[in-house]
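Please load the model in a viewer and keep the selection panel at hand. The tour below proceeds from one selection to the next.

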Amino acid sequence: MDGGAEGTQQPHLILAHKLFLLTHPDVQDIEKVQLKTEVLDSIKSDGMAPLYETLAASSVLELDQSLLDSMRANNEEELKKLDDKIADAEENLGESEVREAHLAKALYFIRISDKEKALEQLKLTEGKTVAVGQKMDLVFYTLQLAFFYMDFDLVSKSIDKAKKLFEEGGDWERKNRLKVYEGLYCMSTRNFKKAASLFLDSISTFTTYEIFPYETFIFYTVLTSIITLDRVSLKQKVVDAPEILTVLGKIPFLSEFLNSLYECQYKAFFSAFAGMAEQIKFDRYLNPHFRFYMREVRTVVYSQFLESYKSVTVDAMANAFGVSVDFIDQELSRFIAAGKLHCKIDKVAGVLETNRPDAKNALYQATIKQGDFLLNRIQKLSRVIDL
């Protein structure tokens, strides 16, 4: 999962994805054997004693006490060297060298996955940091750590902190990077509309290869846009966007998923949709919203189909989607009951009748409602005055 020539994904976040798959119920056991080996190799190469201990305690990995002891000893030895560097910088060197020595220790805690100590050390480093750009970089390190642990409270606080820092100054490159981090936060907390807006804003300025490769970024951009943009915006910002077109074909099913929806090729859409479902299910940020997302996409596609008709037979709709009449009947009943679709099913005739509330009618209803409310207020007021 390399980010390409421009940059590489942070090894910790590659490891986080492997850990997610290792505990996923739908991943095959044979794959888990391979994942376990890769996870253990990463832990050994970075001496991640704190993470190894946690994973062993939760039975994700088997505990090898001698391995844990040797990693702990290495950690202590390395930390002693880093403390010596800090002491030397404080005695013999300038403020920037002292800051660098403290930062090196913070990065080491991040590397071995000691979250609490990493956060303490980043705070200490921040106290020795003057430049806004360098303070921002500390926030990015914190955000990477927070995404590793899926600590969204820490992500939210860090994003707010970064925005306050930008009020003091800060360059465009870091501001653009922050948009992608915030977009990932919004997507991970089910605010797909804001996520799509932030991702689309970042398409031409994307440089955040440390959190995911560009292809993954486009995958997220298309997915969030499909369920939040109207047809005109989708065409202009996504379907015809040159940056998206350059990588769309590299991501399995994504081109068919997007284009068949826009071109109303519903059979092709459902076929691509099944392939996309697998990718969403095995994505650590999207997985918690899997059912919600699948429902939202179906709402979009059914609404789009029904918008073309005043009434249509259930047979015709089932045929258009390449599914059975029973499936469409069940689906639509569920969506109508949830208020997601504006239509009704005539079971006897086997016909769907759309009853979309048009804008003029909605405005008329709202005016009547507000008028009634105003009259009630005037009546109450007149009673008070009469008293």
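Begin with two helices: Ile 218, Phe 219, Val 222, Leu 223 and Ile 226 of H11 are in contact with Leu 254, Phe 257, Leu 258 and Leu 261 of H14. By class, this contact of H11 with H14 comprises nine nonpolar residues, no polar and no charged ones. The coordinates belong to a predicted model.

Now display the axes of the pair, taking residues 214–226 for H11 and residues 254–262 for H14. These axes come within 11 Å and cross at roughly 25°. Angles under 35 degrees count as roughly parallel, and H11 and H14 are therefore roughly parallel to each other. The crossing of H11 with H14 is left-handed.

Next, select helix H7, residues 132–149, together with helix H8, residues 152–167. How closely do the axes of H7 and H8 come, and at what angle do they cross? They come within 9 Å, and the crossing angle is roughly 165°. An angle over 145 degrees counts as roughly antiparallel, so H7 and H8 are roughly antiparallel to each other. Their crossing is left-handed.

To view the contact itself, show the side chains on both helices. H7 contributes Val 132, Lys 135, Met 136, Val 139, Thr 142, Leu 143, Ala 146 and Phe 147. From H8 come Phe 152, Leu 154, Val 155, Ser 158, Ile 159, Lys 161, Ala 162, Leu 165 and Phe 166. Coloured by class, the contact of H7 with H8 shows 13 nonpolar, two polar and two charged residues.

Between these two helices, centre the view on Met 150, which lies in the loop joining H7 and H8. Its phi is near 50°, a positive value in a residue other than glycine. Is Met 150 buried, partly exposed or exposed? Met 150 has a relative accessible area of 27% and is partly exposed, because the partly exposed class runs between 20% and 50%.

Keep H7 displayed and add helix H6, residues 115–127. The axes of H6 and H7 come within 10 Å and cross at roughly 170°, and the two helices are therefore roughly antiparallel to each other. On the H6 side, select Lys 115, Ala 118, Leu 119, Leu 122, Thr 125 and Glu 126. Their partners in H7 are Lys 135, Leu 138, Tyr 141, Thr 142, Leu 145 and Tyr 149. The contact of H6 with H7 divides into seven nonpolar, two polar and three charged residues.

Move to residues 68–99, which an unreviewed UniProt entry lists as "coiled-coil region". Over this stretch the chain is 94% helix and 0% strand. A distance label between the C-alpha atoms at its two ends will read 31 Å.

Then select Ser 59, in the loop between helix H3 (49–57) and helix H4 (65–92). Ser 59 has a positive phi of about 60°, although it is not a glycine. With a relative accessible area of 61%, Ser 59 is exposed.

The last stop is Glu 31, within helix H2, residues 29–46. At 45% relative accessibility, Glu 31 counts as partly exposed. Add Arg 377 to the selection and draw a line from C-alpha to C-alpha: the two residues are 67 Å apart in space and 346 residues apart in sequence.

Terms used. Residues are numbered from 1 along each chain as its sequence is written. This is a predicted model: local features need pLDDT of at least 70, side-chain atom pairs count only at pLDDT 80 or more; totals for chains, interfaces and linings use all residues. Side-chain values use heavy atoms; hydrogens and water are left out. Axes are lines fitted to C-alpha atoms, for helices over the stretch in contact, and angles run from 0 to 180 degrees between N-to-C directions. Helices (H or I, at least four residues) and strands (E, at least two) are DSSP runs, numbered from the N terminus. Angles under 35 degrees count as roughly parallel, over 145 as roughly antiparallel, 65 to 115 as roughly perpendicular and the rest as oblique. A crossing is left-handed if the near helix is turned anticlockwise from the far one by less than a right angle, and right-handed if clockwise. Contact means heavy atoms within 4.5 Å. Ala, Val, Leu, Ile, Met, Phe, Trp, Tyr, Cys and Pro count as nonpolar, Asp, Glu, Lys and Arg as charged, and the others, Gly among them, as polar. UniProt positions are given in the numbering used here, feature names are shortened, and annotations may be inferred rather than shown by experiment. Buried means under 20% relative accessible area, exposed over 50%, partly exposed in between (1.4 Å probe, protein chains only).
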